[in-house]
Amino acid sequence: MRNHSKLPNIGTTIFTIMSQLANTHNAINLSQGFPNYNSDQKLTDLVNKAMNSGYNQYAPMAGNLDLRLAISNKYQRLYNNTYHPENEITVTSGATQGIYCIISAFIRPNDEVIIFKPAYDCYEPAVEVNGGGAIPIQLSAPNYKVDWNEVASKITSKTKMILINSPHNPSGTIWSKEDMLQLQKLTDNTDIIVLSDEVYEHIVFDGAQHQSACLFDGLKQRSFITASFGKTFHNTGWKIGYTCGPEALMEEFRKVHQFNVFSVHHPSQKGIADYMQDEKTYLGLNTFFQQKRDLFLSLIKDSKFKIKPSKGTYFQVLDYSDITDEYDVDFAKRLTTEFGIASIPLSVFNENNKDDKVLRFCFAKTDETLVKAAEILNKI
């Protein structure tokens, strides 16, 4: 039988490759973005309580109502702006599923989606499998600033969507209020949908404020926001997230969502809803992760890597151009096999595999792990 792949250029993700390499060589894994410590026992107990209380059948398609109410209240608390729990919030099987459903609901063959690179690797395949075309805008290290004149030049009659991500994975940068205002200005009086990936919204450093799309009225009316409880509550394996958007857009989203997963793990939803009644469960994350970032950077301050402190996410990009001129994928693999520490090369997320001689390290790890990792990096 002849197989005509819809994604002929897609192979195994770099996250799988580097994690497998780390396992094979017993290396410290700072590549894939997951904590190596447990989430709060209170949250686990609440999920168990939900199971024992009978929350073991299908949740409503849009999600457990208590959780949707908690999400709505969180937006009111953080941004003085909210989404209606009945018709503007949907619980998803992680942010990736939300992103895929948004793109599937709106992108038709020959539609164009503007994507800023380096870009998380789930974006483009979702566009391509739906027949759309990804229009890349390459951002440059070390600042990864957006050239808004270039963005304006890429908008055409085919532009259906602009996909943004702040705090940004993999670079650890954040968008400013001015960036968001520029995006609002460019999309005003258009039919362009904005997909705002905000999974790291609670991990912003040095007193900065996360500039959510919901803070800007002109953006909110055309934007979806995707978010992740896995990133927020240190349990990426649960794959629970959510999508917010105006009612008219959410109605179309749910048409795809209901036939994609219908609903997600019910006791986890109920447990998270009860856990979120204490707002400190998410308000304290900036401080928690900044302490880890600061520890990691203080430990490697005398290394040969060039350091520009991460502004958000739990990733730190390090420039190795003073160490070697190797291609970043090769260097990342050599660090894993010869030195025992795994990272992620950024070229795989760039247009034409642009190599800026930088690697991404995850610092959502125990302090003990970060100390051991720093000892290795200081010897390179």
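Here is a short walk through a helix pair, a buried strand and a small sheet in this predicted model. Residues are numbered from 1 along each chain as its sequence is written, and side-chain values use heavy atoms, without hydrogens and water. As the model is predicted, local features need pLDDT of at least 70 and side-chain atom pairs count only at pLDDT 80 or more, while totals for chains, interfaces and linings use all residues.

Let us start with helix α1 (residues 14–24) and helix α14 (residues 328–339), whose axes lie 9 Å apart at an angle of about 20°. Axes here are lines fitted to C-alpha atoms, for helices over the stretch in contact, and angles run from 0 to 180 degrees between N-to-C directions. The two helices are therefore roughly parallel (angles under 35 degrees). Ile17, Met18, Leu21 and Ala22 of α1 meet Ala332, Lys333, Thr336 and Thr337 of α14, where contact means heavy atoms within 4.5 Å.

Now follow α14 to an open sheet of 4 strands, ordered β9-β10-β13-β12 with antiparallel pairing; two strands pair if DSSP finds at least two bridges between them. Its edge strands are β9 (306–307) and β12 (344–345). α14 packs on this sheet, touching β12 and β13 (358–362), and its direction makes about 45° with that of β13. At the β9 edge, Ile307 has Leu318 of β10 as its bridge partner.

Elsewhere, strand β5 (residues 159–165) pairs with β6 in the parallel sense over 5 bridges, one of which joins Met161 to Ile193. In strand β6 (residues 193–197), 5 of 5 residues are buried (under 20% relative accessible area, 1.4 Å probe, protein chains only). Ile193, Leu195 and Asp197 point one way from β6, and Val194 and Ser196 the other way.

How values were computed: Angles under 35 degrees count as roughly parallel, over 145 as roughly antiparallel, 65 to 115 as roughly perpendicular and the rest as oblique. Buried means under 20% relative accessible area, exposed over 50%, partly exposed in between (1.4 Å probe, protein chains only).
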